[in-house]
Every structure is written in structure tokens, then in C-alpha cells.
Amino acid sequence: YIEKINQPTDVKNLNSEQLHVLADEASSTFAKAKQAGGHFGPNLGMVEATIALHYVFNSPTDKIVYDVSHQSYPH
């Protein structure tokens with residue numbers, strides 16, 4: 001489903017099962033990048049939270065502020 005996400009509102013069109021698949025796809029992407037080196041731990045920890053934020057809130061009208069820039073990569 002990750003290739004179907006072009007804007008935050010696209011997340012709202014997914015059902016619960018599809019949201020889990022999306023989270024797995026995004027986590028897998030960061031896990032592959034982590035193997036090549038770099039600081040990806042905060043990204044992996046924020047995948048599900050970022051999906052939930054976009055599902056619940058009305059981004060970009062509702063602003064989302066991350067306390068560490070690395071956490072915003074899943075967004």
C-alpha cells in the first residue's frame with residue numbers, strides 16, 4: 001500500500017488490516033536502510049505512530065510537531 005500513499009489523507013482511506021500492512025512496508029523500508037548504516041532507530045519507532053497521527057488528525061490542517069527530526073522521516 002505504500003506506493004498508493006501520495007498525501008496524508010490517503011491513509012484515511014485504508015482499513016485496519018491495510019494500515020497494518022502499510023506499517024510493515026514502511027518498517028521494512030527503514031530496516032533495509034538500517035543495514036546500509038545510519039541512524040534509523042527513531043524512524044522505526046515512529047512508523048506506527050505517524051500512520052496513526054495521519055489517520056486520526058487532519059494533516060496538514062492539523063499540525064504535527066516532532067521533537068527530533070529523525071522521527072519525521074516516516075512522514
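Colleague: Is Ser59 buried or exposed?

Modeller: This is a predicted model. Ser59 is found in the segment after α2. Its relative accessibility is 8%. The cut-off for buried is under 20%, so Ser59 counts as buried.

Colleague: Which residues is Ser59 in contact with, leaving aside its neighbours within four places in sequence?

Modeller: Ser59 sits in the segment after α2. Leaving aside neighbours within four places in sequence, its contacts are Pro8, Thr9, His54 and Ile64.

Colleague: How many helices and strands are there in the chain?

Modeller: One helix is α1, residues 16-35, and another is α2, residues 41-56. The count for the chain is two helices and zero strands.

Colleague: Which element gives the most residues to the largest nonpolar core?

Modeller: That core has nine residues: Val11, Leu14, Leu19, Leu22, Ala23, Ala26, Phe30, Val47 and Ile51. Both α1 and α2 give two or more residues to this core. With five residues, the element that gives the most is α1.

Colleague: Leu14 is in that core. Which residues does Leu14 contact, leaving aside its neighbours within four places in sequence?

Modeller: Two of its partners, Leu19 and Leu22, are also core members. Another partner, Tyr55, has its place in helix α2. Leaving aside neighbours within four places in sequence, the full list for Leu14 is Tyr1, Ile5, Leu19, Leu22 and Tyr55.

Colleague: Is Tyr55 buried or partly exposed?

Modeller: Tyr55 lies in helix α2. Its relative accessibility is 37%. Partly exposed runs between the 20% and 50% cut-offs, so Tyr55 counts as partly exposed.

Colleague: What is the area of the nonpolar surface patch made by Tyr55, Val56 and Phe57?

Modeller: Tyr55 contacts Leu14 and also takes part in this patch. Together, Tyr55, Val56 and Phe57 make a nonpolar surface patch of about 290 Å².

Colleague: Which backbone nitrogen lies 2.8 Å from a polar atom of the Asn15 side chain?

Modeller: Asn15 is in the segment before α1. It is partly exposed, at 42% relative accessible area. A polar atom of its side chain lies 3.0 Å from the backbone nitrogen of Glu17. At 2.8 Å, the backbone nitrogen belongs to Gln18.

Colleague: What share of the residues in the chain is buried?

Modeller: The chain has 75 residues. It exposes about 5000 Å², with carbon and sulfur atoms supplying 55% of that area. The share of residues that are buried is 27%.

Colleague: Among contacts between residues at least 6 apart in sequence, what share joins residues at least 24 apart?

Modeller: The contacts counted here are those in the chain between residues at least 6 apart in sequence. Among these, the share joining residues at least 24 apart is 51%.

Note on methods:
Residues are numbered from 1 along each chain as its sequence is written. This is a predicted model: local features need pLDDT of at least 70, side-chain atom pairs count only at pLDDT 80 or more; totals for chains, interfaces and linings use all residues. Side-chain values use heavy atoms; hydrogens and water are left out. A nonpolar core is a set of buried Ala, Val, Leu, Ile, Met, Phe, Trp, Tyr and Cys residues joined through side-chain atoms within 4.5 Å. Buried means under 20% relative accessible area, exposed over 50%, partly exposed in between (1.4 Å probe, protein chains only). Helices (H or I, at least four residues) and strands (E, at least two) are DSSP runs, numbered from the N terminus. Contact means heavy atoms within 4.5 Å. A polar contact is a pair of N or O atoms within 3.5 Å; within protein, one must be able to donate a hydrogen and the other to accept it, and residues adjacent in sequence count only if both atoms are side-chain atoms. Patches are made of residues with over 30% relative accessible area and no salt bridge: like charges are joined within 9 Å, nonpolar side chains (Val, Leu, Ile, Met, Phe, Trp, Tyr) within 5 Å. Accessible areas come from the Shrake-Rupley method with a 1.4 Å probe; for residues, only the protein chains shown count as cover. A salt bridge is a side-chain nitrogen of Lys or Arg within 4 Å of a carboxyl oxygen of Asp or Glu.
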